[in-house]
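Me: I have a model open and want to learn how to read its features one by one. Can we take them in turn?

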Amino acid sequence: MRKSDVTGSISTAKGEEMLKAQNFSALDNLRGKAAGVNIFSNSSQPGAYGSRVVIRGQATINASSDPLYVVDGVVMENFYLMNPNDIESMEVLKDASATAIYGARGANGVIMVTTKRGNKEGGTKVSYSGSVSLAHRARKMDTMNAQEWCDAFMQGIENENRWGSDKDGNPFNWSTNRADWFTDRRFFDSNGNPLYDTDWQDEATRTAISHNHQLNVQQGGEKSSMGAFLNYTDNQGIMLNTYSKRLNAKIAYDANPTTWLSTAVNLAVNHTWGNSTPEDGGGQDARRTMIEMVPWMPVQYDGKYTSTNTPEGMPMDFEAMSNPVHILKTYKNMNYNTKVFGNAALTFHIIEGLDLKTQFGVDANFKTLHKYMPSDLVNLAYDQHGRAERYHANTLYWQEETYLTYNKTIGEHRINAMAGLSWQERKYDYSRMYTENFTSDFFEDFNMDAGTKPDAPKTYWERWAMNSYFLRFAYTFKDRYSATITGRYDGSSKFGKNNKYAFFPSAGLAWNITQEDFMSDQNTISNLKLHTSYGLTGNSEIGVYKSLATVTSETLLLNGTRNSYSYLNRLPNSDLRWEKTAQFDIGFDLGLFNNRITLDASYYNKKTSDLLLDAPVPHTTGFETVYKNIGSIRNQGLDLMLSTRNIDTKDFTWTTSINANFNKNKILSLGDNDEDILKNEWVSGASILRVGESVGSFYGYKRLGVYTIEDYEAGNCEKKQIGRAKRSSEREIIGKGVPDWTGSMINTLRYKNWDFTLDLQFVAGVQTLQQFYHSTYDRFGQTNGLTNILYDAYNGTNPNSMQQAIWLFNGGHAGQDTLTDSQWVANGSYLRANLIQLGYTFDSNQLAKTPFSSLRLYLNVNNAFLITAKDFNGYDPESTSQISTSNGAVSPEQFGQNMAFFSYPRARTFTLGVNVTF
């Protein structure tokens, strides 16, 4: 279909533009290149998990919000593992007219990827792209040094003596002599001054050296073409011993053996492996201990790694943890992923304009985890005497599509029609082994029998299948008026027996005004096209057996013998049906002055109904919930893309591209009683789903200030409450992690052989919940904390302070009042220099005496600077510690965006690269 005939809303990004950033993931390369697409790169850790992608707002609750990834016509999962060097282009389908052809799985948008193939121009072309990168920590959290920690501790002692009392109500009367507190002479002198000052962030991070190599061989002839592609990438993380490596091979072959037959074969094998540090939960992993570990201990003492168990004879206790260097160097968390992906297609040219195409595609994924935590890691494996785990997760997905296409031009009439059917199936197999209590760390996970306390082994298997029928009819008259009608009838095994099939129609209209006769006498408007569409799409991305009553089988000890037992763990729902999204879109494409200025603008309004939720049922049923269709969500917004050629001469060009996306998300209903749904509950806070509010809202108390001496004197608080937080009596919504505005501005300048790119990205209208305040503020004494504790905390002379006084969390002391409240919430807006690139392309005269037909050198800086609000104190406002892990699948939790309980620090990367063609 011609671009001028398209009635839907589509954004396109070219592979060569995305590769400028040289990211390990293709999704990170797409950031800012497509209007209406939010890509949350929540981690800088290589290969740990994929970025979270949301197209035109989150439109679901319990089903997946991920878009559908279609690579060369085949659906791909774990897209973040794909080699970005293989990509020719990416198209983002956003409205119902564009996505409806994928019906059942298109409600969250579709990202269509076309990969590189043979040389269409004929002949043989060999090319190489290589780069080497240096990365270091871009920002630092402002933690206390050893002297500041000791000063803050003594301030806490003074506060307790002034205002505090023990559990029996007796006033504290602590010694204010430092030497009485800091008594371990290995780490303090006789006056209680620290002998060491360790910056754990510096010790746990490094300057990482990475490299990437891509070799392409592309050949083309009169009737066939072939492309062979090989990639090796070594991506080292900035935290010690974290990395991800990739070896990828791809081959594509296209041929026209006869006038009535065309063939295409595409096969890629991708193997990635790497070691990572966990980023989920609240465990004492390295990302946490490099902030919390007290700074007056060295990395090693007397040849052994230190931990909070190391101090002796000191009248205080500490949060149990190993130091981060110890954790990173000895904790093994190796992931291995192998993906086999490909398709084969036959196209029969029946008559002129009428083709029959049949295509079979496969996406097979084999994932293995090898994990071992040594026995000397405090609060990770110390009490368990070592912990070993292995799991295997294998996925096999296949699809078969057969369809007819008809293209015909009859005078001023142009017809494009398609009708077809498809089958899809996915099988998933998972197994896990776990054991602990090793006599030696020598065996790790390679001899699980050496652990004497094994868990019961776990296995899991599932299967789902789909069958679909689809058609599309597009008509254009006089290159001016276009209409597209699409329909898809989908059936899925996931839904109840009464609603397995559903119909998803859409219609789109376009008017190419510049083709009208009344536009022929003007030169200002070079392109003006109006388009609108409306349609339904579906979401089937839920658990496989949610509509069925399922049985759980386990074992228990009975009379000293292990016996099996089974029980019904879910109520059936034979009426469970598709989650549906109805979307209206209207927009225009405008070009001015021979397209020196272009503007693409679209307004969308989409409502998702029949939300799939666990709804409460009477306890008399013996169950708590049943999976039902209840609730609805609305997303409204604008997609804007402005491109300009500011200067265009022979030797100098300057182009600008501005991408801005606005989205307003609102929950309309949540079932019969519209009851709140709380997710990610922790320290009396949560993310909340509430009617009338945005998905991803933060729920907690409002900080009103702190209780002061004046409050005590006025009888408004007890003496022991002085310096403690003053909060609202009820919890309320205190922010949201989903932005109103996202976008980018990309400037590209070229002077003769030199080129320069500046890629700025912005996010506005969003907050970040700094959950790390729980320990960096409210657990001080047992841990280290931010310097704000020492300099901003209430001290009796600053009644307007919002920061609690220093109360020591150590055992026997006053303790701190820690609850999730608005003081933890920071403005999450930011401006980031995503990419700064300087390149030089050699011309043909310079290469005349070399074997090269083209040669380009470039220097990149990724994440060159980041401007954030003053109240943000973490590494990056776009992050999350809410990671979903289920049966081997690891991904960001969709309601936990910008809820950060410590995170992997973001890197600033310098890259030197070369592109050469022989």
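Me: Start with S506. Is S506 buried or exposed?

Reply: This is a predicted model, so all that follows reads a prediction. Buried means under 20% relative accessible area. S506 has 5% relative accessibility, so S506 counts as buried.

Me: Where does S506 sit, and which residues does S506 touch?

Reply: S506 lies in strand 22, residues 501-512. Leave out residues up to four places away in sequence, and S506 touches A96, S97, A100, T484, I485, T486, Y534 and G535.

Me: Next, backbone angles. What is the phi of R56?

Reply: Look for positive phi in residues other than glycine. R56 is such a case, with phi of about 55 degrees. R56 belongs to the loop between strand 3 (52-55) and strand 4 (68-71). R56 is also buried, at a relative accessible area of 2%.

Me: And N595: which loop holds N595?

Reply: The loop between strand 26 (579-592) and strand 27 (597-609). N595 is not a glycine, yet its phi is positive, near 60 degrees. The cover is another matter: N595 has 36% relative accessibility and counts as partly exposed.

Me: Now strand pairing. How many bridges pair strand 38 with strand 39?

Reply: For any pair, read the direction and the bridge count. Strand 38 (residues 741-751) and strand 39 (residues 754-764) are antiparallel, with 11 bridges. One point to check in the viewer is M745, which stands opposite L760 in strand 39.

Me: What does K752 do in the hairpin of strand 38 and strand 39?

Reply: That hairpin has 2 residues between the strands. K752 takes a positive phi there, near 50 degrees.

Me: Which strand do 10 bridges join to strand 39?

Reply: Strand 42, residues 830-842. Strand 39 and strand 42 run antiparallel. For a residue-level check, find W754: its bridge partner in strand 42 is Y840.

Me: How do I read an open sheet? What is the strand order in the one with 3 strands?

Reply: Write down the order, then look at the edges. Here the order is 41-40-47, and the pairing is mixed. Strand 41 (825-827) and strand 47 (899-900) are the edges; each has a single partner strand, so one side of each lacks a neighbour in the sheet.

Me: In which sense do strand 40 and strand 47 pair?

Reply: Parallel, over 2 bridges; strand 40 covers residues 767-770. L769 has M899 as its bridge partner in strand 47.

Me: Step back to the whole chain. How many helices and strands are there?

Reply: The protein chain has 11 helices and 48 strands. For overall packing, set the radius of gyration against the globule rule. The radius is 30 Å, close to the 29 Å the rule gives for 918 residues, so the chain is as compact as a globular protein of that length. Its C-alpha atoms fill a box of roughly 100 × 75 × 60 Å along the principal axes.

Me: What share of the residues counts as buried?

Reply: 55% of the 918 residues. Check sequence separation too. Take contacts between residues at least 6 apart in sequence: 72% of them join residues at least 24 apart.

Me: Last, the surface and the charges. What area does the protein chain expose?

Reply: About 38,300 Å², with 53% of it supplied by carbon and sulfur atoms. For charges, compare the mean positions of the two signs. The chain has 88 positive and 97 negative charges, and their mean positions are 5 Å apart.

Definitions and conventions. Residues numbered from 1 in each chain as written. Predicted model: local features only at pLDDT ≥ 70, side-chain atom pairs only at ≥ 80, totals over all residues. Heavy atoms only, no water. Pairing = 2+ DSSP bridges. Helix = DSSP H or I, 4+ residues; strand = E, 2+ residues; numbered from the N terminus. Rg over C-alpha atoms; globule rule 2.2 N^0.38 Å. Buried < 20%, exposed > 50% of the residue type's maximum accessible area, 1.4 Å probe, protein only. Contact = heavy atoms within 4.5 Å. Areas by Shrake-Rupley, 256 points an atom, 1.4 Å probe, with all protein chains shown as cover. Lys, Arg positive; Asp, Glu negative; His and termini not counted. Charge placed at Lys NZ, Arg CZ, Asp CG, Glu CD.
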